[in-house]
Amino acid sequence: MAYNHHVTKYVMVILPLLSGVLLVGVSFAENGQKTVGNWLEIASPDDPVVIEVGKFAVEEHNKEANDTLKFVDVTKGDTQIVGGMNWRLTIEIKNNSSIKNCQVFVYDQPWENVRKLVSFKIIE
């Protein structure tokens with residue numbers, strides 16, 4: 001019994017310390033920049049994954065609003081690591097013959113097959 005008590009006490013003291021060290025290690029990039037929770041600019045708006053998220057936002061908006069907007073391009077964006085990935089993109093869309101800018105916010109958690117359009121706003 002005494003052995004189990006000491007092991008339990010040891011685990012209760014050491015485990016929180018180790019998890020704190022692991023979280024700090026995960027939270028900082030090699031250059032010391034905090035990545036978890038911070039918005040980081042997308043280096044390449046023409047990356048296929050970024051384009052896929054932009055197209056998804058337009059498709060979901062069209063379903064929800066019964067609209068016929070067409071995706072044109074991603075002009076810029078940011079990502080945020082949370083319990084998945086938040087995407088904040090500025091995209092170009094085509095509405096009939098005019099090109100407009102939109103700000104979209106998409107939450108993505110691929111390992112759970114979750115991708116959700118959070119907001120879609122035409123900013124022209």
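The structure holds one aromatic pair. Rings of Phe, Tyr and Trp (its six-membered ring) pair if their centres lie within 6.5 Å; planes under 30 degrees apart count as stacked, over 60 as edge-to-face and the rest as tilted. Here the partners are Trp-39 and Phe-105, with ring centres 5.8 Å apart and planes at 70°, so the pair is edge-to-face. Trp-39 belongs to strand 1 and Phe-105 to strand 4, so the pair ties together parts that are 66 residues apart in sequence. Helices (H or I, at least four residues) and strands (E, at least two) are DSSP runs, numbered from the N terminus.

This is a predicted model, in which local features need pLDDT of at least 70, side-chain atom pairs count only at pLDDT 80 or more, and totals for chains, interfaces and linings use all residues. Residues are numbered from 1 along each chain as its sequence is written, and side-chain values use heavy atoms, with hydrogens and water left out.

**Charges over rings**

Trp-39 has a further partner: the charged end of Arg-88 sits over its ring, 3.9 Å from the centre. A charge sits over a ring if NZ of Lys or CZ of Arg is within 6 Å of the ring centre and within 35 degrees of the ring normal. Arg-88 also has Phe-105 as its bridge partner in strand 4. Trp-39 itself counts as partly exposed, at 27% relative accessibility. Buried means under 20% relative accessible area, exposed over 50%, partly exposed in between (1.4 Å probe, protein chains only). Elsewhere, the charged end of Arg-115 sits over the ring of Phe-56, 5.6 Å from its centre.

**The sheet**

Five strands form an open sheet in the order 1-2-3-4-5, with antiparallel pairing. Strand 1 (39-41) and strand 5 stand at the edges, each with a single partner strand, so one side of each is left without a neighbour in the sheet. Neighbouring strands are turned by 30° against each other on average, direction ignored. Axes are lines fitted to C-alpha atoms, for helices over the stretch in contact, and angles run from 0 to 180 degrees between N-to-C directions. Two strands pair if DSSP finds at least two bridges between them.

Three of the pairings are hairpins. Strand 2 and strand 3 have three residues between them, strand 3 and strand 4 have two, and strand 4 and strand 5 have four. Ten bridges join strand 2 to strand 3. Eleven bridges join strand 3 to strand 4. Eight bridges join strand 4 to strand 5. Gln-80 stands opposite Asn-86 in strand 3. Tyr-107 has Lys-116 as its bridge partner in strand 5.

Positive phi values occur in the turns and in one further loop.

| Residue | Place | Phi |
|---|---|---|
| Gly-84 | turn, strand 2 to strand 3 | about 160° |
| Asn-96 | turn, strand 3 to strand 4 | about 60° |
| Asn-113 | turn, strand 4 to strand 5 | about 55° |

Most residues other than glycine have a negative phi. Asn-113 is not a glycine, yet its phi is positive. Asn-113 lies in the loop between strand 4 (98-109) and strand 5 (114-122). Its relative accessibility is 73%, so Asn-113 counts as exposed. Asn-66 also has a positive phi, about 50°, although it is not a glycine. Asn-66 is in the loop between helix 2 (48-65) and strand 2 (70-81). At 73% relative accessibility, Asn-66 counts as exposed.

**Helix 2 and Thr-90**

Helix 2 lies across strand 2, strand 3 (85-95), strand 4 and strand 5, running at about 75° to strand 5. Thr-90 lies in strand 3. Thr-90 is buried, with a relative accessible area of 12%. Beyond its neighbours within four places in sequence, Thr-90 is in contact with Asp-73, Val-74, Thr-75, Lys-76, Cys-102, Gln-103 and Ile-123. Contact means heavy atoms within 4.5 Å.

**Confidence**

pLDDT is the predictor's confidence in each residue, from 0 to 100. The chain has a mean pLDDT of 81, and 71% of its residues reach 70 or more. Among its elements, helix 2 has the highest mean (98) and helix 1 (residues 2-27) the lowest (43). pLDDT stays under 50 over residues 7-32, for which the model has ten contacts beyond four places in sequence. Where pLDDT is low, the predicted coordinates should not be read in detail.
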